[in-house]
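Reader: Hi! Could you walk me through this one while I have it open on my screen?

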Amino acid sequence: MAKKKATPKTKSKKQFKAPKLSLNRQQRVVLGSFLTILGIAILIAFVSFMFTWKADQSIIATLGNREAEAQNWLSKFGAGISHFFIYKGFGVSAFSIAVLIIVSGIYLFLDLTLSSLKSLWIWGILVMLWLSVFFGFFGKEHALLGGTVGFEMNDFLQDYLGFIGAVLLMTFLLITYFVIRLKITPERVSAYFKTAQKEMEADAEASTATISEIEQVEEDYVPKEPLDVVVEKPLQENVNEVDFEDSFKAKSGVEKDSTPSEKPSAKEKMTIASTTDDDLAMEVETTAEEEVVENLSSKLVKDYGEFDPTLELGKYRFPPIDLLKDYNAGGTGITIDQAELEENKNNIVDTLKNYKIEIAQIKATVGPTVTLYEIVPAAGVRISKIKNLEDDIALSLAALGIRIIAPMPGKGTIGIEVPNKKPAIVSMRSAIASQKFQQAEMALPISFGKTISNETFVVDLAKMPHLLMAGATGQGKSVGLNAVLTSLLYKKHPAEVKFVLVDPKKVELTLFNKIERHYLAKLPDSEEAIITDNSKVINTLNSLCIEMDARYDLLKDAMVRNLKEYNAKFKARKLNPENGHRFLPYIVLVVDEFADLIMTAGKEVETPIARLAQLARAIGIHLIIATQRPSVNVITGMIKANFPARVAFRVTSKIDSRTILDAGGADQLIGRGDMLYTQGNEVIRIQCAFVDTPEVEKIVDFIGAQKAYPEAHLLPEYIGEDSGTSLDIDKSERDALFREAAEVLVTAQQGSASLLQRKLKLGYNRAGRIIDQLEAAGIVGPFEGSKARQVLIPDLIALEQHLENE
Ligand SMILES: Nc1ncnc2c1ncn2[C@@H]1O[C@H](COP(=O)(O)OP(=O)(O)OP(=O)(O)O)[C@@H](O)[C@H]1O
């Protein structure tokens, strides 16, 4: 069955894609109406020609003459065209040309599938030629029947084959037509007669049968039930696969609904057929069921092509590479300084010798910022001994940022990384232009920079699936974030990825405001897409959780396991948008300064972040969280467990390095984009690609100047627990302790629920309720994360007045 399906699919694709692509809907309507009207005109002319051809014969030669008068209903045009097609052409069979033109026009006008149209034309013209030649037999008596072409062709055949030969050839062509076009085979003909005969017999029996006889007949059919399964199976398949297309749903619905009434007759037919003729049973099945299954999504794909999510911004152009600066253009690329290499090598060998460590071999790899010296110690030297000498070796090399990797994973050597005296800047331009990035077949490719061996380091954010970034201030974190965002902007269409940007520092990510309507996602009620207010972060995170749940429901409904499969199915038009299905872009949440967020909102932020991190990988929501302070109260166990991919820029202490990487080393980096990356086990040293603010600005300007969506991608609305309650609170429903509570807060000038709990000895819920009532009364300000609310009344006297004036 699968084979069967594949063949017509590819065939039809080849045949009918071209006309689909060349005309848009308006052009189709115009062309369609033109053809329909032209066809009708020709038809009228042809009909008229049947009566007026003799009268118009004389003016055919002088059609250009305005004075000449034609009898044809369509005057000279009608006379001319009819003369050409009927008299000179194919005789009466030329009528089929008019019909074909009308049908083509209707097809275009109604935007019907062109596949059947093409075969209609081919067969129509063949039939016309055959008829024309056939009528050519009578050409001498009736010139109009076969037309000149028909007569001449017939004459030609007769010259070579004789009359009998020509008749036999024409008969053979007729048989071929019946067999190929109408699929009439001897078996079908005999089967048809047999069925007709049986039906007639059954009718006759039924008319004479008594009620008991009918019951008897029904019982007779019971043993043949298994045949039902054969009939029903395709129907079930149909439902599984379809789910999506409403039109199909409607169709299958009709079929299902009609099953009770129609099925018995089908069953009857099958039963009769199976006892007499197996071939008939086959015919019934395939024509009724297969058609529908085949039609489902493939019909839509055939007609409209695969769904293209980028179509709305079809003219979108990706930013050109020239917007990025080439920092190495002036020759500041990686230079191999032989003297420096030699000096470092000697230093390493000498230092190790001082500690009685003999080296068998040493090899250097020069990277952009550091050079890796790989040493193979002489036999019998313990690795831990070298590792312990890390600081001593660093001292004797007089360099900051020495890192010892003992042993090098998978190499059997010990690595000593020594910073270069003249580090090279790795430009974002080179990272983006690299073949590795350009050819990356990844969902969300990120070009981080270059490894020690000068290879561009490209990873897939979708596989990470979340990224934690840490580094002390000024070590390259913001540049790193920009490198991530730039990578995605260079590789992903606005329809494919959306960013949710959280920037409490208010300056780092504001640049991206310009691409709000292209790439950003926001809450429906918020003005700015970039979130700078911590209290709004909570709503956004919860909204992302809602989006996550909604996406899981869609995936479940579509019976797929992840976003990639879902979108592939959607593109193949197997999911019906009317059932809520839509193309799902990846969502990348970027939080700059996570520490700040945790400090102000604590658990309220941590819980949704952890939930998203745990569950969102399959549905295409990926988190990137950056922090200056990688302390354990910021990067909690729960967060760490769900962020296997980590990036560490230089941090100030070994403890911080351990918190972020579960290993030391980040404290020994040299800064300026020198970073360590891990995705579980191996730690890789990378020089982060450098992208400066003006470069990012150029990119967002370039994108921002292009046609955009009407608004930013909207996330689902989240109604926070605290919002909306305040204004509805009725005065009469105020708590008995309302006044006392107001006095406590005004006296303390601190709007906190816990203060009320302590002073009035209340439970948490009641204190919370009173706070809401106080907010509604305008005594305390709105909720501000974990900070206490502002008290809006300065003292008790003012409170008295405020309450009296209410
Ligand atoms: N990959 C890099 N290559 C070269 N220089 C870099 C790189 N990354 C950062 N720098 C240098 O370090 C400076 C500070 O970088 P950046 O602004 O990214 O630090 P930061 O960690 O974000 O600091 P803060 O946390 O205070 O925002 C940059 O202005 C730049 O001069």
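Author: Happy to! This is a predicted model. A good place to begin is a helix pair: α2 passes α4 in a left-handed crossing.

Reader: Nice. What kinds of residues make up the contact of α2 with α4?

Author: By class, that contact has 17 nonpolar, six polar and one charged residues.

Reader: And at what angle do α2 and α4 pack?

Author: Helix α2, residues 25-56, and helix α4, residues 95-110, pack at about 160 degrees, and their axes are 7 Å apart. Angles over 145 degrees count as roughly antiparallel, so that is the term for α2 and α4.

Reader: Great, let's switch to the ligand. How many residues surround it, and which are the closest?

Author: There are 14 residues around the ligand, and the closest are G476, K477, S478, G673 and F690. Divided by class, the shell has four nonpolar, eight polar and two charged residues.

Reader: Which helix gives the most to that shell?

Author: That would be α17, which spans residues 477-491 and gives three residues.

Reader: What does the UniProt "binding site" annotation cover?

Author: The UniProt entry, which is unreviewed, puts that annotation on G471, A472, T473, G474, Q475, G476, K477 and S478.

Reader: Where is G471 found?

Author: G471 is in the loop between β7, residues 467-470, and α17.

Reader: Is G471 buried or exposed?

Author: G471 counts as buried, because it has 30 C-beta neighbours inside 10 Å. The cut-off for buried is 20 or more.

Reader: Lovely, thanks!

Technical notes. Residues numbered from 1 in each chain as written. Predicted model: local features only at pLDDT ≥ 70, side-chain atom pairs only at ≥ 80, totals over all residues. Axes fitted to C-alpha atoms, helices over the stretch in contact; angles between N-to-C directions. Helix = DSSP H or I, 4+ residues; strand = E, 2+ residues; numbered from the N terminus. Parallel < 35°, antiparallel > 145°, perpendicular 65-115°, else oblique. Left-handed = near helix turned anticlockwise from the far one by under 90°. Nonpolar A, V, L, I, M, F, W, Y, C, P; charged D, E, K, R; others polar. Near = placed C-beta within 6 Å. UniProt positions renumbered as here; feature names shortened; annotations may be inferred. Buried ≥ 20, exposed ≤ 12 C-beta atoms within 10 Å, placed from the backbone.
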